[in-house]
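Trainee: Got a minute to go through this one with me? I'd like to start with pockets and then jump around a bit.

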Amino acid sequence: MDIQRSLELLHMTVYSQSVSPCGKYLAAGNNFGEIAIFSLSAALSSEAKEESKKPVISFAAHDGPIYAMVSTDRQLLSAGNGEVKAWNWSEIVKKGCKEAWCRRPTYKSSLEVPEINSLQLNLKDNSLLMAGGDCAIHMMDLESGAFTREYRGHTDYIHCLALRDQLRECLSGSEDGTVRLWDLRAGGQVQCIEVHKYEECSRPQYGKWISCLATDSDWMVCGGGPALTLWHLRSVTPTTVFPVQQCQQQVMFYQDLILSAGHSPTVNHLQISGEMKAQIPCIPCCVHSLSINEHSPEHKVLTAAGSSHRIDVFTNFGYRAFSLTFT
């Protein structure tokens, strides 16, 4: 390995992950604009060797960091600076890496190339929601590739998106300290929650930015500068403040738990009532991405990626089994 690549591996951050529709592959995107594809079926096999934990293919996808990725039933979608690209999974698994299409939202200035921090698939109307540095949410029709709607209201860049499927609503968390709810049908803002203004959540020493959120019916969990907190959305009430000191970058509901990770080398297992059930050590000292493979029961794993060229794999979510490695 040459010195240049050794230095890149040393300074690598993996920002995004997405599992293939078949559940056998994991895609990971890093700060150098590279996508690596790992075979989960090979890495989890009883005959797995060290080579099985390295990419089956990696390729240059974007000029800058890849902050977000999602998969449809046919394509891997990756977001770089100001653009979203699609790659066909059927070609990727045959080690092909030709982009299927590339789309850019219309930005206010031609000089502006804002990063796209979050992608959300809206399967109900076959659309893709994207948000980032231009403080707006853009909706793209996946069939035609046309941008159909734009949701504006945030005054600073957007870090994260989540969907309330049953209500056809989208939630967005921003650097401006608010979580906003949007009606995807009518196109307007439904609610604005200024999280940092609630005394139980406020942590002015860390700032007011919202870096992660997740939703489950009438409940939302969000955090960042403010403490990681469970909210009842109908009454707009913070019900549980979790005992996590570090700023959190990722959060998700999983069965009867909340999983979170952020500015510490741990994945937190939190109970809805507020207790810390477990803190599982991981390699990245800052975790930017958590992913659960729900597509394939035999390859069901939790993966954690962040400020390392290693992606930790948790087979039973209570301990780190091994790591996948960028090369």
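Trainee: What volume does the second largest pocket have?

Mentor: About 220 Å³ for the second largest pocket. Keep in mind that this is a predicted model.

Trainee: And which residues line the second largest pocket?

Mentor: The lining is made up of T72, D73, R74, Q75, W101, L121, L123, N126, L142 and E143.

Trainee: How many of the lining residues are nonpolar, polar and charged?

Mentor: It's a mix: 4 nonpolar, 3 polar and 3 charged residues.

Trainee: OK, switching to Y67. Where does Y67 sit?

Mentor: You'll find Y67 in the loop that runs between β4 (57–60) and β5 (68–71).

Trainee: Is Y67 buried, partly exposed or exposed?

Mentor: Y67 counts as partly exposed, because its relative accessibility is 27%.

Trainee: What is Y67 in contact with, leaving aside neighbours within four places in sequence?

Mentor: With those neighbours set aside, Y67 contacts Y15, S16, A79, E115, I116 and N117. As for L119, its C-alpha is 9.1 Å from that of Y67, with the two positions 52 residues apart in sequence.

Trainee: New topic: how many disulfides does a search of the whole structure find?

Mentor: The search turns up 0 disulfides.

Trainee: Why is C97 not bonded to the closest cysteine?

Mentor: The closest cysteine sulfur belongs to C102, and that is 15 Å from the sulfur of C97, so the gap is too far for a bond. The cut-off for a disulfide is 2.5 Å between the sulfur atoms.

Trainee: And how far is C222 from the nearest cysteine sulfur?

Mentor: That distance is 6.9 Å, to the sulfur of C201, and C222 is in no disulfide.

Trainee: What about accessibility for C97 and C222?

Mentor: C97 is partly exposed at 38% relative accessibility, whereas C222 is buried, with a relative accessible area of 0%.

Trainee: Last thing, aromatics. How many aromatic pairs are there?

Mentor: The count comes to 6 aromatic pairs. One of them is F38 with F326, an edge-to-face pair with 6.0 Å centre to centre and 80° between the planes.

Trainee: Where do F38 and F326 lie in the chain?

Mentor: F38 is in strand β3 (residues 34–39), while F326 is in the segment after β28 (322–325), so the pair ties together parts that are 288 residues apart in sequence.

Trainee: Are F38 and F326 buried or exposed?

Mentor: F38 is buried, at 0% relative accessible area, and F326 is buried too, at 1%.

Note on methods: Residues numbered from 1 in each chain as written. Predicted model: local features only at pLDDT ≥ 70, side-chain atom pairs only at ≥ 80, totals over all residues. Heavy atoms only, no water. Buried < 20%, exposed > 50% of the residue type's maximum accessible area, 1.4 Å probe, protein only. 1 Å grid on protein atoms, 1.4 Å probe; cavity = no way out; pocket = protein on both sides within 12 Å on 5 of 7 lines; lining within 4 Å. Points joined across faces, edges and corners; volume = space filled by probe spheres on them. Nonpolar A, V, L, I, M, F, W, Y, C, P; charged D, E, K, R; others polar. Phe/Tyr/Trp six-rings, centres within 6.5 Å; stacked < 30°, edge-to-face > 60°. Helix = DSSP H or I, 4+ residues; strand = E, 2+ residues; numbered from the N terminus. Contact = heavy atoms within 4.5 Å.
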